[in-house]
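New to this one? Take a look at the sequence and the fold below, and then we'll walk through a few spots together.

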Amino acid sequence: MDTKESYAVVTGASQGLGKAFAESLAKKNINVILISLPNQNLKMISEEIAETYQVKTHYYEVDLSVNENVLKLTDWLNSSFKIHILINNAGLGGTRKFVEASPDYINTILQVNVTATSLITHQLLPNLLEQPQAYILNVSSMAAFSPIGFKTVYPASKTFIHSFSRGLHEELKHTSVFVSVVNPGAMKTNTDVCKRIEKQGFLGKLTLLDPNKVAHYCINQLFKKDSVIMVNPISWLVMKVLPIWIKLPLMTNAIKKEIEA
């Protein structure tokens with residue numbers, strides 16, 4: 001299809017996997033709209049991508065934990081652009097004892113990971129359906145396949161994303177919109193993240209991934225219409241094969257090491 005006047009929307013695009021997604025799309029001559037929190041150098045990143053890859057870029061700074069903000073964002077997107085790709089990458093993790101978590105902490109994770117993803121998809125879907133071929137990629141996590149102590153809310157939110165994506169894929173399979181979900185492990189987004197994950201021991205190191213490689217692979221698999229993208233087969237196999245009574249304490253102990261470190 002001709003994508004010269006249509007755009008890909010990427011949330012959480014200022015760093016890590018989101019930025020890698022935007023660059024990977026731009027390399028394929030796809031125009032991109034970058035969405036991220038304010039004060040994340042998004043303007044500079046948008047301009048650099050436009051100049052480097054000779055594509056059209058726009059950006060929008062917003063806090064996705066506020067529903068009103070999400071609806072304003074989608075109104076702007078629908079009124080201004082044809083959209084043929086939506087990548088729901090924005091998400092919040094967090095490692096904390098549940099009893100010590102504040103209401104705001106819990107609510108923000110759920111609002112960004114669950115509500116914002118659902119609302120953005122819902123509001124942009126009519127726009128996507130108008131295109132000859134369109135794609136939705138939701139970023140879940142390996143954590144979707146197991147509960148984890150000290151990360152009680154995050155894995156539950158990613159389980160939602162996986163289930164939501166699979167259900168929407170089935171619902172839209174006879175339309176022009178293809179829905180996929182990816183379940184990556186931890187990313188080498190910066191030095192601090194790498195050190196934190198490595199403190200989890202062997203299990204943490206096993207799932208540590210390069211965001212640029214993940215983004216490149218995901219985009220290729222998305223266009224091949226792979227509905228469940230697995231970027232780390234070893235981790236996926238471990239999570240699938242191990243019974244819950246083994247992997248739950250195993251994962252929890254790894255996170256506990258991170259807290260104690």
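Which residues of α5 are buried? In this predicted model, they are Val153, Tyr154, Pro155, Ser157, Lys158, Ile161, His162, Ser165, Leu168 and His169. Let's start with that helix and then move on to the cores, the cavities and a few single residues.

**Helix α5**

- Helix α5 takes in residues 153-171, which makes 19 residues.
- At 1.5 Å a residue, a helix like this should span 27 Å, and the C-alpha atoms at the ends of α5 are indeed 27 Å apart, so the two agree.
- What sits over the buried residues of α5? The cover includes the helix α4 (103-129) along with β5 (134-139), β6 (177-182) and β7 (228-229).
- As a bit of background, an α-helix has 3.6 residues a turn, so residues three or four places apart point the same way.

**The nonpolar cores**

- The largest nonpolar core has 32 residues, and those touching the most other members are Phe21, Leu25, Leu34, Ile49, Ile87, Leu137 and Cys218.
- Quite a few elements chip in two or more residues to this core: the helices α1 (16-27), α2 (42-53) and α8 (211-223), plus the strands β1 (6-11), β2 (31-36), β4 (82-88), β5 and β6.
- Helix α1 supplies the largest share of this core, with six residues.
- Zoom in on Ile49: leaving aside residues up to four places away in sequence, Ile49 touches Ala22, Glu23, Ala26, Val32, Leu34, Gln54, Val55 and Thr57.
- There is also a second, separate core of 24 residues, and Ile35, Ile83, Ile120 and Val177 are among them.

**The cavities**

- How many cavities of 30 Å³ or more turn up in the whole structure? The search finds two.
- The largest cavity has a volume of about 60 Å³.
- Its lining is made up of Gly93, Gly94, Arg96, Phe98, Ala101, Tyr105, Ile109, Phe150, Lys151, Thr152, Val153 and Tyr154.
- Helices α4 and α5 are the elements that give two or more residues to the lining of this largest cavity.
- Sorted by class, the lining of the largest cavity comes out as seven nonpolar, three polar and two charged residues.
- The second largest cavity has a volume of about 40 Å³, and Thr11, Leu64, Asn88, Asn89, Ala90, Val112, Ala116, Thr117 and Ile120 line it.
- Helix α4 gives the most to the lining of the second largest cavity, with four residues.
- By class, the lining of the second largest cavity has five nonpolar and four polar residues, but no charged ones.
- Some names come back here: Ile120 lines the second largest cavity and also belongs to the second core, while Val153 and Tyr154 line the largest cavity and are buried residues of α5.

**Residues with a positive phi**

- Most residues other than glycine have a negative phi.
- Asn39 has a positive phi, near 65 degrees, without being a glycine.
- You'll find Asn39 in the loop between β2 and α2.
- Is Asn39 buried or exposed? Asn39 counts as exposed because its relative accessibility is 74%, and the cut-off for exposed is over 50%.
- Lys225 isn't a glycine either, yet its phi is positive at about 65 degrees.
- Lys225 sits in the loop between α8 and β7, and with a relative accessible area of 41% it is partly exposed.

**A long-range pair**

- His216 is in helix α8 and is partly exposed, at a relative accessible area of 46%.
- His216 and Lys27 are 189 residues apart in sequence, and their C-alpha atoms are 9.7 Å apart in space.

Terms used
Residues are numbered from 1 along each chain as its sequence is written. This is a predicted model: local features need pLDDT of at least 70, side-chain atom pairs count only at pLDDT 80 or more; totals for chains, interfaces and linings use all residues. Side-chain values use heavy atoms; hydrogens and water are left out. The expected span of a helix is 1.5 Å times one less than its number of residues. Buried means under 20% relative accessible area, exposed over 50%, partly exposed in between (1.4 Å probe, protein chains only). Contact means heavy atoms within 4.5 Å. A nonpolar core is a set of buried Ala, Val, Leu, Ile, Met, Phe, Trp, Tyr and Cys residues joined through side-chain atoms within 4.5 Å. On a 1 Å grid over the protein atoms alone, a cavity is a set of points where a 1.4 Å probe fits but cannot get out, and a pocket is an open set with protein on both sides within 12 Å along at least five of seven lines; lining residues have an atom within 4 Å of a point. Grid points are joined across faces, edges and corners, and a volume is the space filled by probe spheres set on the points. Ala, Val, Leu, Ile, Met, Phe, Trp, Tyr, Cys and Pro count as nonpolar, Asp, Glu, Lys and Arg as charged, and the others, Gly among them, as polar.
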